[in-house]
Amino acid sequence: MQFHIPVPAIRACGFSLREGSPEFDDVGAGLDEAEALGVDLVELPVYAWHLVVNGRILDNRLKDLVRALEGRRLGYSVHGALAVNLMDLPERLPRHEQVLAAHIEIAAAIGAPHLVMHSGFVRDPDDDLEVAYSRQRDALARAGDLAAAKGVTLCVENIFRFIHARETATPAKLAGELAAIDHPAVKATLDVSHAYIRCTDARLDPIAEMAALAPHIAHFHLHDSFGRPNERRPGDVWYYDPAEAVAFGEGDLHLPIGWGGIDWDAVVQMVRPPAGAVAILELNPRHWRELSDQVPVLRALAGRFQAAVTSAA
C-alpha cells in the first residue's frame, strides 16, 4: 500500500515592488522593506525601468541595477515588458522578440530564475486567431531556447481581454499552447484574479480552467478581485476615480487577499501544480498600507497549495 504525503507546491513567497522611479534609484528602500517583512523574494518591475532602448540593453544601467541588488538575502523574479506580444502582426514580431531577449539577459544578469511575460493577444480585426497562436508558439520556443541557455524560465502569465483586444488565451487554452510547445524553459504564471476576469468574460468555470493550467505552473500572482471585467467599454459600469472601481468591485483591482470575491478554498483544492513554484503578491500601490498584514496572509494561503501527486515508477 502506498501513502501519498501532501507536498507543499509553493517553496517561496514575496511581493512585487512598486514601480517607483524609472531610474530605479529608489529600489533600495523597497528591498529594505521586503527584508524587514521577512519575505523570501521580490518581483522587480523591470518593465517600468529605463534599462532597454529599442531592444538594446543599456549596459551601464544594468550594472547599476546589479550593484543595487547585491548583498541582499532576497531572491528575485522579473516582470518583463507588458507590451511584449508574441501574437502581434508578423511585421512587428521581431521587435517584440528583441525586447523579450533583452529582458531574458537582464533576468540572467541579476540571477532571477523566473521572467514573467504576458500571454499574447490579438487586436487587429483581420488577423487569423489560430495563425496568431501559431506565431506565438514558434516565438516562445525560440525564446525558450535562449532562456534555457541563460538559466531562466519564461513564465507566461494568463491575462484577460482588455480594451480593443479581440482574443487572449483562457487558462485552459494557455495550457494547451504550453503543452504543444513542450519546452522545459517555458512555463506558466497563474494569475488567479486574471483567470476569474477572463472566465467571467468567456462564461467559463474559472476553477476548471485554472486546474487545466496547473501542470504548467511555476509561478503565481496572488491578489484579489470580484472577477468582473471592466475596461471602460460601452456597457461597462462607468467610474471616475479608481477608488470608485474598488467601491463597485469592478475590474482588475489587485486588492489585498480576502477583500474580493475569489473562492480561495476552491482554488487551493483544485489547482495542484508541480512542487517548487513561487508566489508573488501583486498589490495595487493604493493598498500599500495593507502590505505588512498581507505577508502572513500570503504565506498562509501559499502553504495551502499542494503539489500534484506524481506516480512512482
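This passage describes how helices pack, how a nonpolar core is built and where several individual residues sit in a predicted model.

We can start with the helices. Two packed helices are described by the angle between their axes and the distance between the axes. For helix 6 (residues 192–202) and helix 7 (residues 206–213), the axes come within 9 Å and cross at roughly 125°. That angle makes helix 6 oblique to helix 7, and the crossing of helix 6 past helix 7 is right-handed. On the helix 6 side, the contact involves V192, A195, Y196 and C199, which meet P206, I207, E209 and M210 of helix 7. Sorted by class, the residues of this contact of helix 6 with helix 7 comprise seven nonpolar, no polar and one charged.

Helix 7 also packs against helix 5 (residues 171–181), and here the axes come within 7 Å and cross at roughly 15°. What does this crossing angle make of the two helices, roughly parallel or roughly antiparallel? Angles under 35 degrees count as roughly parallel, so helix 5 and helix 7 are roughly parallel to each other. Their crossing is left-handed. Helix 5 contributes P171, A172, K173, L174, A175 and L178, while helix 7 contributes E209, M210, A212 and L213. Eight of the residues in the contact of helix 5 with helix 7 are nonpolar, none is polar and two are charged. E209 and M210 are worth finding in the structure: they take part in the contact with helix 5, and they also meet residues of helix 6.

Helix 5 has a further partner in helix 4 (residues 129–150), with the two axes 10 Å apart and an angle of about 50° between them. At this angle, helix 4 is oblique to helix 5. The crossing is right-handed. The residues that make the contact are E130, Y133, R137, L140 and A141 from helix 4, together with K173, E177, A180 and I181 from helix 5. By class, the contact of helix 4 with helix 5 holds five nonpolar, no polar and four charged residues. K173 appears in this list and also in the contact that helix 5 makes with helix 7.

Next comes the interior. In soluble globular proteins, nonpolar side chains tend to be buried together. In this model, the largest nonpolar core has 83 residues, and those with the most contacts inside it are V42, L154, F220 and V267. Looking beyond residues up to four places away in sequence, V42 touches F15, L17, L31, A34, L74, G75, Y76 and S77.

Some residues that are not part of that nonpolar class deserve a look too. H114 is found in strand 6 (residues 114–118). Is H114 buried or exposed? With a relative accessible area of 8%, H114 is buried. Setting aside residues up to four places away in sequence, H114 touches R11, S77, V78, T153, C155, A218, H219 and V278. S77 is thus a contact of H114 as well as of V42.

E167 lies in strand 9 (residues 167–168) and is buried, with a relative accessible area of 16%. Apart from neighbours within four places in sequence, E167 is in contact with G120, F121, V122, L129, Y133, R161 and R198. One of these, Y133, belongs to helix 4 and also takes part in its contact with helix 5. R92 is 75 residues from E167 along the chain, and their C-alpha atoms are separated by 18 Å.

Another glutamate, E33, lies in helix 1 (residues 27–37). At a relative accessible area of 26%, E33 is partly exposed. Its contacts, leaving aside neighbours within four places in sequence, are R18, W288 and L291. E33 and L17 are 16 residues apart in sequence, and their C-alpha atoms are 9.6 Å apart in space.

Finally, consider the backbone. Phi of N54 is near 50°, a positive value in a residue other than glycine. N54 lies in the loop between strand 3 (52–53) and strand 4 (56–57) and counts as exposed at 68% relative accessibility. H254 also has a positive phi, of about 55°, although it is not a glycine. This histidine lies in the loop between helix 8 (242–248) and helix 9 (264–270). Whereas N54 is exposed, H254 is buried, with a relative accessible area of 14%.

Definitions and conventions
Residues numbered from 1 in each chain as written. Predicted model: local features only at pLDDT ≥ 70, side-chain atom pairs only at ≥ 80, totals over all residues. Heavy atoms only, no water. Axes fitted to C-alpha atoms, helices over the stretch in contact; angles between N-to-C directions. Helix = DSSP H or I, 4+ residues; strand = E, 2+ residues; numbered from the N terminus. Parallel < 35°, antiparallel > 145°, perpendicular 65-115°, else oblique. Left-handed = near helix turned anticlockwise from the far one by under 90°. Contact = heavy atoms within 4.5 Å. Nonpolar A, V, L, I, M, F, W, Y, C, P; charged D, E, K, R; others polar. Core = buried A, V, L, I, M, F, W, Y, C linked by side-chain atoms within 4.5 Å. Buried < 20%, exposed > 50% of the residue type's maximum accessible area, 1.4 Å probe, protein only.
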